[in-house]
Amino acid sequence: MIKNLIFDFGKVLVDYDFDVFFAMYIHDEKRRKAFTPVIYNERLQQLLDYERKPFDEIMEDIVNENPEYEAEIRHFIAHYPELVTGEIEGMRALLTSLKAEGYSLYGLTNWCSKVHHTMRQFEIFKLLDGRVISSEEHMVKPNADIYLTLLQRYSLKPEECLFTDDRAENIAAAEALGMQGIVFHNAEQFERELRERILSSN
């Protein structure tokens with residue numbers, strides 16, 4: 001029986017958009033296109049998600065590696081929380097209903113320490129009963145250790161958990177540990193699949 005619902009943050013509870021962010025602050029399209037890969041790349045994302053050293057130190061390294069874009073990088077640092085454009089439509093109402101139905105709600109996200117700005121900004125995060133954030137644990141999805149950290153911290157049984165994430169590889173990792181999983185596309189699709197799983201597990 002499903003008792004615990006676990007949610008990724010980005011693209012599941014809240015949305016973010018690098019293109020919109022950069023367009024607001026870098027009006028020269030050619031320079032914007034050249035600069036975007038400096039920030040929006042897998043290497044830097046991994047460094048920030050793990051955050052084995054502080055956010056500001058990581059970003060200072062990026063400044064040193066790319067001095068021609070120092071002004072843009074420092075603007076990115078100063079305005080990082082503005083990457084988040086808002087809550088995913090329909091999700092706060094859905095989580096409110098699910099909580100009222102008796103489900104426990106948890107968060108499991110790959111995000112740097114700046115996530116706390118986002119969590120203070122949006123009401124949806126107040127609905128969570130607990131969370132595990134990659135930058136605080138220095139471990140990331142889809143590695144098993146971060147899922148096990150969540151299960152152990154909150155004494156959750158994997159067979160009683162359902163995890164949703166926008167990335168299929170993160171769902172596969174959760175399923176390998178005995179949880180159910182749903183790849184997230186939008187609130188309506190998620191609720192439909194969730195209700196089907198709930199019925200079949202009862």
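The following conversation goes through the sheet, one helix and the salt bridges of a predicted model.

Trainee: Before we begin, what kind of model is this, and how are residues numbered?
Mentor: It is a predicted model, in which local features need pLDDT of at least 70, side-chain atom pairs count only at pLDDT 80 or more, and totals for chains, interfaces and linings use all residues. Residues are numbered from 1 along each chain as its sequence is written, and side-chain values use heavy atoms, with hydrogens and water left out.

Trainee: Let us start with the sheet. What is the strand order?
Mentor: Five strands form an open sheet in the order 5-4-1-6-7, with parallel pairing. Strands (E, at least two residues) and helices (H or I, at least four residues) are DSSP runs, numbered from the N terminus. Two strands pair if DSSP finds at least two bridges between them.

Trainee: Which strands are at the edges?
Mentor: Strand 5 (130-133) and strand 7 (180-183) are the edge strands, and each pairs on one side only. From one strand to the next, the twist averages 20°. Such angles run from 0 to 180 degrees between N-to-C directions, with axes fitted as lines to C-alpha atoms, for helices over the stretch in contact.

Trainee: Which helix packs on the sheet?
Mentor: Helix 9 (residues 144-153) does, touching strand 1, strand 4 (104-109), strand 5 and strand 6. Its direction makes about 150° with that of strand 4. Contact here means heavy atoms within 4.5 Å.

Trainee: How many bridges hold strand 6 to strand 1, and how many to strand 7?
Mentor: Strand 6 (residues 161-165) pairs with strand 1 (residues 4-7) in the parallel sense over four bridges. Four bridges also join strand 6 to strand 7, again running parallel. Leu 162 of strand 6 is the bridge partner of Leu 5, and in strand 7 the bridge partner of Leu 162 is Gln 180.

Trainee: Is strand 6 enclosed or open to solvent?
Mentor: Five of the five residues of strand 6 are buried, so the strand is largely enclosed by the rest of the structure. Buried means under 20% relative accessible area, exposed over 50%, and partly exposed in between (1.4 Å probe, protein chains only). Cys 161, Phe 163 and Asp 165 point one way from the strand, whereas Leu 162 and Thr 164 point the other way.

Trainee: There is an aspartate in that list. What surrounds Asp 165?
Mentor: Asp 165 has 0% relative accessibility and counts as buried. Not counting residues up to four places away in sequence, Asp 165 touches Asp 8, Val 12, Lys 141, Asn 170, Ile 171, Ile 182, Val 183 and Phe 184. The side chains of Asp 165 and Asn 170 are joined by a polar contact of 3.3 Å. A polar contact is a pair of N or O atoms within 3.5 Å; within protein, one must be able to donate a hydrogen and the other to accept it, and residues adjacent in sequence count only if both atoms are side-chain atoms.

Trainee: Which residues share a salt-bridge network with Asp 165?
Mentor: Asp 8 and Lys 141 are linked with Asp 165 in a network of salt bridges. A salt bridge is a side-chain nitrogen of Lys or Arg within 4 Å of a carboxyl oxygen of Asp or Glu.

Trainee: How many salt bridges are there in the whole structure?
Mentor: A search of the whole structure finds 18. Among them, Arg 74 and Glu 60 meet at 2.8 Å, N to O. That pair links distant parts of the chain, with Arg 74 in helix 5 (residues 70-79) and Glu 60 in helix 4 (residues 55-65), 14 residues apart.

Trainee: Which other residue does Arg 74 bridge to?
Mentor: Arg 74 also forms a salt bridge with Glu 70, at 2.9 Å from N to O. Glu 70 and Arg 74 both lie in helix 5, four residues apart, about one turn of the helix. Arg 74 is partly exposed at 34% relative accessibility, and Glu 60 is partly exposed at 31%.

Trainee: Turning to helix 6, which residues are buried there?
Mentor: In helix 6 (residues 91-100), the buried residues are Met 91, Leu 94, Leu 95 and Leu 98. Seen down the axis, they fall within an arc of 95°, so they line one face of the helix. The arc is that of the directions from the helix axis to the C-beta atoms.

Trainee: What covers that buried side, and what is on the face turned away?
Mentor: The cover includes strand 1, strand 4 and helix 11 (187-201). The face turned away carries the exposed residues Ala 93 and Ala 100. Just after helix 6, Gly 102 takes a positive phi of about 105°.
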